Amino acid sequence: MVSRVHKRTAVYRRIQQLRSITNSHARRKTSVILDASKYIRGLKQKLQELNQLAVAATQKDIEYGPMPMLKVEQQEEGYLIKVLSQRSCQGLLAFILEAFERLGLVVLQARASCVESFCLEAFGIKESNEDTRLVDTQVVEQVVSKAINDWRKVTKQC
């Protein structure tokens, strides 16, 4: 009897740990485990992308050159925008954020580095105004590309 209670308590603690690690709000054990498996798949995908970037950077397969690399991915509720450049791009972040504003995107989460190279990863959603039309991924890419080109013209970068 005591052994069952200990096992049940241990399982409960592990489920609580899973719930906190994966930010799951599920109440049932199976739902928490499903959330954890989704979380692990997402981590594997991010790790794979980082490994590909690391391998490509060491082999010099990717040449970001004078033009920063842009990648826009549509997520369930918004867009993941990634901008990468091998060199520091002073002022580029402001141009990109202005482009988000023109699109009506609200940045919920962002990571940026401008020290030796430029790296921006931002997640944005459409503002909840009366205009609730979903913006196409290509439109987001075009507007951000235009912002990068505008930055290049202003700073006279090639």
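Leaving aside its neighbours within four places in sequence, which residues is Glu-73 in contact with? In this predicted model, the answer is Glu-49, Gly-78, Tyr-79, Leu-80 and Lys-82. Let's start there and then look at some helices.

**Glu-73 and its partners**

Glu-73 sits in strand β1, which covers residues 69-74. Its relative accessible area is 18%, and because buried means under 20%, Glu-73 counts as buried. Its side chain also has polar company: one polar contact goes to the side chain of Lys-71, and another joins it to the side chain of Gln-75.

**Lys-82 and its partners**

Now hop over to Lys-82, one of the residues on the contact list of Glu-73. You'll find Lys-82 in strand β2, made of residues 79-85. Lys-82 is buried too, with a relative accessible area of 14%. What does Lys-82 touch, not counting residues up to four places away in sequence? The list runs Glu-49, Met-69, Leu-70, Lys-71, Glu-73, Leu-120 and Glu-121. With Glu-49 there is also a polar contact between side chains.

Here are the polar contacts mentioned so far, with their distances:

| Side chain | Partner side chain | Distance |
|---|---|---|
| Glu-73 | Lys-71 | 3.2 Å |
| Glu-73 | Gln-75 | 3.5 Å |
| Lys-82 | Glu-49 | 2.7 Å |

Notice how the names link up: Glu-49 is in contact with Glu-73, and Glu-49 is touched by Lys-82 as well.

**A helix in the open**

Go back to the start of the chain and you'll meet helix α1, residues 2-21. From its first C-alpha to its last, α1 reaches 29 Å, close to the 28 Å expected for its 20 residues at 1.5 Å a residue. Is this helix mostly buried or in the open? Of its 20 residues, the number buried is two, so α1 lies largely in the open. Just after α1 comes Asn-23, which takes a positive phi of about 55°.

**Two helices that pack**

Two packed helices are described by the angle between their axes and the distance between the axes. For helix α3 (residues 92-103) and helix α4 (residues 137-155), the angle is about 145° and the axes are 9 Å apart. Their crossing is right-handed. On the α3 side, the residues that meet α4 include Phe-95, Ile-96 and Phe-100. Over on α4, Val-143, Ala-147 and Trp-151 are among those taking part. By class, this contact has 14 nonpolar residues, no polar ones and two charged ones.

Notes:
Residues are numbered from 1 along each chain as its sequence is written. This is a predicted model: local features need pLDDT of at least 70, side-chain atom pairs count only at pLDDT 80 or more; totals for chains, interfaces and linings use all residues. Side-chain values use heavy atoms; hydrogens and water are left out. Helices (H or I, at least four residues) and strands (E, at least two) are DSSP runs, numbered from the N terminus. The expected span of a helix is 1.5 Å times one less than its number of residues. Buried means under 20% relative accessible area, exposed over 50%, partly exposed in between (1.4 Å probe, protein chains only). A polar contact is a pair of N or O atoms within 3.5 Å; within protein, one must be able to donate a hydrogen and the other to accept it, and residues adjacent in sequence count only if both atoms are side-chain atoms. Contact means heavy atoms within 4.5 Å. Axes are lines fitted to C-alpha atoms, for helices over the stretch in contact, and angles run from 0 to 180 degrees between N-to-C directions. A crossing is left-handed if the near helix is turned anticlockwise from the far one by less than a right angle, and right-handed if clockwise. Ala, Val, Leu, Ile, Met, Phe, Trp, Tyr, Cys and Pro count as nonpolar, Asp, Glu, Lys and Arg as charged, and the others, Gly among them, as polar.
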